[in-house]
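Subject: The structure you asked about

Hi there,

Here is the structure, with the sequence alongside. Could you open it on your side and keep it in view while you read my notes?

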Amino acid sequence: MKRRIWLTTCAAAVLLSTLGPAQVSAGGWAITSLDPFEQPVAGQATTIGFTILQHGVTPVDLDDVGIRVFAEGKAGQFFPAVADGPGRVGHYTAHVVFPSVGTFTWLVEQGYFAPQDLGQITITSGVAPPSAASSSPQPAALRYGLPLIAALCLVIVVAETVRDRRRLAAH
């Protein structure tokens with residue numbers, strides 16, 4: 001019984017640790033993944049494509065989607081995104097202009113879901129190199145691994161509960 005309580009508590013803690021406060025209170029969450037993109041150049045528009053998946057699985061059609069860029073000590077600048085159309089539900093593109101050389105913090109506004117932090121991006125001047133760039137606030141191991149650990153803990157709890165009930169029924 002102690003083991004079952006411990007595993008249930010562990011699963012709940014791991015699952016809740018992957019959610020932000022707004023996501024927990026809203027009862028829903030979404031994950032944005034960026035398409036590969038060219039390294040942005042200061043003052044030039046860069047098209048950033050991304051997909052929003054509700055609960056990390058289902059593409060979702062939202063309003064008020066876009067990318068917000070923050071320069072140190074300044075208010076964020078919002079670049080609205082447009083949906084790619086009925087054939088690509090959940091996929092959006094935004095034309096983002098980083099105003100100057102430097103390091104910026106950015107995030108994706110995900111409609112009624114909590115914003116997703118994209119970390120920091122460093123912008124240089126001159127011609128952009130041909131390599132793609134992206135950033136992620138959490139490594140994939142954390143973003144997908146922690147919920148899988150929580151699910152595994154819950155499976156163990158259910159299996160032990162079934163085993164205990166069968167034992168009691170046999171006596």
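Below is a short tour of what turned up, from the core outwards.

Before anything else, please keep in mind that this is a predicted model.

**The core**

A good place to begin is the largest nonpolar core, which has 25 residues. Phe50, Ile52, Ile67, Val69, Val96, Phe98 and Trp106 are the members with the most contacts inside that core. Seven strands each supply at least two residues to it: E1 (30–34), E2 (45–54), E4 (65–70), E5 (77–83), E6 (91–97), E7 (102–110) and E8 (116–123). As background, nonpolar side chains tend to be buried together in soluble globular proteins.

**Phe50 and its surroundings**

Phe50 is worth colouring before you go on. Its relative accessible area is 0%, so Phe50 counts as buried. Leaving out residues up to four places away in sequence, Phe50 touches Thr32, Ser33, Leu34, Asp35, Val65, Ile67, Ala81, Gly90, His91, Tyr92, Ala94 and Val108.

One of those neighbours, Leu34, has Phe50 as its bridge partner in E2. The strands E1 and E2 pair in the antiparallel sense, over 5 bridges. E1 is also mostly covered, with 4 of its 5 residues buried.

**Aromatic pairs**

How many aromatic pairs does the structure hold? There are 5. Such a pair of rings is described by the distance of the centres and the angle of the planes.

Phe50 and Tyr92 make a stacked pair, 5.8 Å centre to centre and with 25 degrees between the planes. Because Phe50 lies in strand E2 and Tyr92 in strand E6, the pair ties together parts that are 42 residues apart in sequence. Tyr92 is buried as well, at 1% relative accessibility.

Phe98 and Trp106 give you an edge-to-face pair: the centres are 5.8 Å apart, and the planes are 70 degrees from each other. Phe98 is buried, with a relative accessible area of 0%, and Trp106 counts as buried at 0% relative accessibility. These two residues also belong to one aromatic cluster, which is formed by Phe37, Phe98, Phe104 and Trp106.

Trp106 itself is placed in strand E7. Although Trp106 and Gln120 are 14 residues apart in sequence, their C-alpha atoms are 6.3 Å apart in space.

**Two buried glutamines around Thr32**

Next, some polar side chains. Gln110 is in strand E7 and has a relative accessible area of 1%, so this glutamine is buried. Which side chain does Gln110 join through a polar contact of 2.5 Å? The partner is the side chain of Thr32. In addition, a polar atom of the Gln110 side chain lies 2.6 Å from the backbone oxygen of Ala114.

If you set aside its neighbours within four places in sequence, Gln110 is in contact with Ala30, Ile31, Thr32, Ile52, Leu62, Pro115 and Gln116.

That last residue, Gln116, lies in strand E8. Is Gln116 buried or exposed? With a relative accessible area of 11%, Gln116 is buried, the cut-off for that being under 20%. A polar atom of the Gln116 side chain is 2.5 Å from the backbone nitrogen of Thr32. Thr32 is therefore met by Gln110 through its side chain and by Gln116 through its backbone nitrogen, with Gln110 itself being buried.

**Two loop residues with positive phi**

Finally, have a look at a pair of backbone angles. Most residues other than glycine have a negative phi. His55 is not a glycine, yet its phi is positive, at about 55 degrees. His55 is found in the loop between E2 and strand E3 (58–59), and at 38% relative accessibility it counts as partly exposed.

Asp64 also has a positive phi, near 55 degrees. Its place is in the loop between E3 and E4. Asp64 is exposed, with a relative accessible area of 66%.

If you would like a route through the structure, try starting at Phe50 and its stacked partner Tyr92, then going to the cluster that includes Phe98 and Trp106, and ending with the polar contact between Gln110 and Thr32.

Happy to go through any of this with you over coffee.

Best wishes

Technical notes. Residues are numbered from 1 along each chain as its sequence is written. This is a predicted model: local features need pLDDT of at least 70, side-chain atom pairs count only at pLDDT 80 or more; totals for chains, interfaces and linings use all residues. Side-chain values use heavy atoms; hydrogens and water are left out. A nonpolar core is a set of buried Ala, Val, Leu, Ile, Met, Phe, Trp, Tyr and Cys residues joined through side-chain atoms within 4.5 Å. Buried means under 20% relative accessible area, exposed over 50%, partly exposed in between (1.4 Å probe, protein chains only). Contact means heavy atoms within 4.5 Å. Rings of Phe, Tyr and Trp (its six-membered ring) pair if their centres lie within 6.5 Å; planes under 30 degrees apart count as stacked, over 60 as edge-to-face and the rest as tilted. A polar contact is a pair of N or O atoms within 3.5 Å; within protein, one must be able to donate a hydrogen and the other to accept it, and residues adjacent in sequence count only if both atoms are side-chain atoms. Two strands pair if DSSP finds at least two bridges between them.
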